[in-house]
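Here are some exercises to work through with the sequence and the structure side by side. Try each task before you read its solution.

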Amino acid sequence: MANITPPKNIKLLNPGTIIIGIIIIAVVVFLGTSFYIVDQAEQAVITRFGKYLTTTGPGLHYKLPFGIDKTYIVNVRSVQTEEFGYRTVRGGRSSSYTGDINMATMLTGDLNMVVIEWVIQYRVVDPFAWTFNVQEKTRTIQDISRSVINMLVGDRAIMDIMGVQRSTIESEAQDYMNESFRSYGLGIQVIAVKLQNTDPPAGVQEAFDDVNKAIQDRNRLINEGQQAYNEQIPRTSGEADQMIQVAEGYAKERVNRATGDVARFNSVLDEYRHAPDITKRRLYYEMIEDVFKDDKGTAIIDRSFDNFLPLMNLGNSSAAGGR
C-alpha cells in the first residue's frame, strides 16, 4: 500500500487550536442557551427535561443550557382578536373585508335564517395552560365561540336579535365563552364580544327593510304620542290642581263668612234677649244707615212732625220731598 503524504502547502491544524475553537463554540452555545429575555408584556414558561418547572416575568433570566431547560414566551398583555363570519383583508383607513357566509348563517328561534358577523377579544391569563393544555388553540376558540352564538341566536326571534337583544346576546356570550374556556383549561379570558352585523339573507333583505321601516315609523309615532301626552297631561293636571285650589279657597271663604255671620247673629241674639227694644232700635238705625250710606241729597223727615213747616234748601235740585 502506498503512503499518502499531504501536499507541502497544506498545514495541519494544531491540536491546541482545535481545542480552543471547541471551547469557544461551547462557551457561545452555553451563553446562548443559558440566558433569555422576557419583555414587559410577556411571561416565560420554563420546562426542564420536558416537565414544567416555573413561570418567570419580565427581565433577563438564567436557565440550564444545551436544551435542558426550554423557554416558551407567551404574551399576556396584548388583546388578541378572533373574527367570525368575515376576515379583515387589509386594515387601516381603507380597510377591506371578506365574508364567510357558511360560518355567519344561523337559524333563529322563530325558524328564520340570519347572517351574523361577530368578533371576540381575549387575553391570555394562564401562560402554562395556554402553552400545554390545548393543541389546536385557534380551532378550539372558533368552535366554542360559534357554538355559544348559535345557542343564543337559536333561543330568540330574528327581530329581537336584530334589535333589542343585541347587547344581551353579547353579554351572555362573553359569560358562556369564559365558562367553556375555563372548563377546557385554555388559559384565556374573553374581555369583549361584539356583534358586527346582524342581517337577513340577501334574498329577503328588501322585505326585512320594509319591516324595519314600519317598525321605525311605529316607534316614531309612539314617541310623538308620548311626547304629546307628556306635554298635555302635566298642563291639564296643573289646570285641574289650580281649579281645585280655587274651589277649596272659595269653600273656605264661604265657610268662614258663614261662621262669622252665625257668630254675629248669635251675639245680636244675646243682646236682643237682654234688651229687646234697644236692640231693635239699633238694628233699625244700622239698616237705615246701610241703605242710605251712598245716597246724596236725601232728607228724612218724621211724618208725625207737625209743629212747624220744615225749611229746606229749595235751590238744591237734588233735595227730595219729606216722608
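The exercises below concern a predicted model, and each is followed by a worked solution.

**Exercise 1. The nonpolar core**

Find which residues have the most contacts inside the largest nonpolar core, and which elements give two or more residues to this core.

*Solution.* Start with the core itself: the largest one has 31 residues. Next, look for its best-connected members, which are W118 and M177. Then trace the elements that supply two or more residues: strands β10 (113–124) and β11 (188–199), together with helices α4 (137–154), α5 (158–162) and α6 (166–184).

**Exercise 2. A salt bridge across the chain**

Locate R156 and E172, describe how their side chains meet, and decide for each residue whether it is buried or partly exposed.

*Solution.* First, place the partners: R156 sits in the loop between α4 and α5, while E172 belongs to helix α6. Second, check the contact, a salt bridge with an N to O distance of 3.1 Å. The two residues are 16 apart, and their pairing links distant parts of the chain. Third, turn to accessibility. R156 counts as buried because its relative accessibility is 13%, below the 20% cut-off. E172 has a relative accessible area of 28%, so it is partly exposed. By the rule applied here, the model has a count of seven salt bridges.

**Exercise 3. A network in helix α7**

Which residues are joined with D217 into one network by salt bridges that share partners?

*Solution.* Begin with D217 and K213, whose side chains form a salt bridge at 3.3 Å, N to O. These two are four residues apart in helix α7 and therefore separated by about one helical turn. Now go to D217 and R220, which meet in a salt bridge at 4.0 Å, N to O. Here the spacing is three residues in helix α7, which again means a separation of about one helical turn. As for accessibility, D217 is partly exposed at 27%, and R220 is partly exposed at 41%. Finally, put the pairs together: shared partners join K213, D217, R220 and E224 into one network.

**Exercise 4. Two surface patches**

Identify the residues of the negative patch and those of the nonpolar patch, and say which elements they come from.

*Solution.* Take the negative patch first. D199, E206, D209 and D210 form it, and helix α7 (residues 205–274) gives the most, with three residues. One of the patch members, D209, lies in helix α7 and is partly exposed, with a relative accessibility of 37%.

Now the nonpolar patch. F35, I37, L60 and Y62 make it up, and together they have about 470 Å² of accessible area. The elements that contribute two or more residues are β1 (35–38) and β4 (59–62). F35 is in strand β1, and its relative accessible area of 40% makes it partly exposed.

**Exercise 5. Positive phi in loops**

For F49 and L111, state the phi angle, the loop that holds the residue, and whether the residue is buried or exposed.

*Solution.* F49 is not a glycine, yet it has a positive phi of about 55°. F49 lies in the loop between β2 (42–48) and β3 (51–56), and at 70% relative accessibility it is exposed. L111, also not a glycine, has a positive phi of about 60°. The loop between β9 (105–107) and β10 holds L111, which is exposed with a relative accessible area of 68%.

Terms used. Residues numbered from 1 in each chain as written. Predicted model: local features only at pLDDT ≥ 70, side-chain atom pairs only at ≥ 80, totals over all residues. Heavy atoms only, no water. Patch = residues over 30% accessible without salt bridge, like charges linked within 9 Å, V, L, I, M, F, W, Y side chains within 5 Å. Areas by Shrake-Rupley, 256 points an atom, 1.4 Å probe, with all protein chains shown as cover. Lys, Arg positive; Asp, Glu negative; His and termini not counted. Charge placed at Lys NZ, Arg CZ, Asp CG, Glu CD. Buried < 20%, exposed > 50% of the residue type's maximum accessible area, 1.4 Å probe, protein only. Core = buried A, V, L, I, M, F, W, Y, C linked by side-chain atoms within 4.5 Å.
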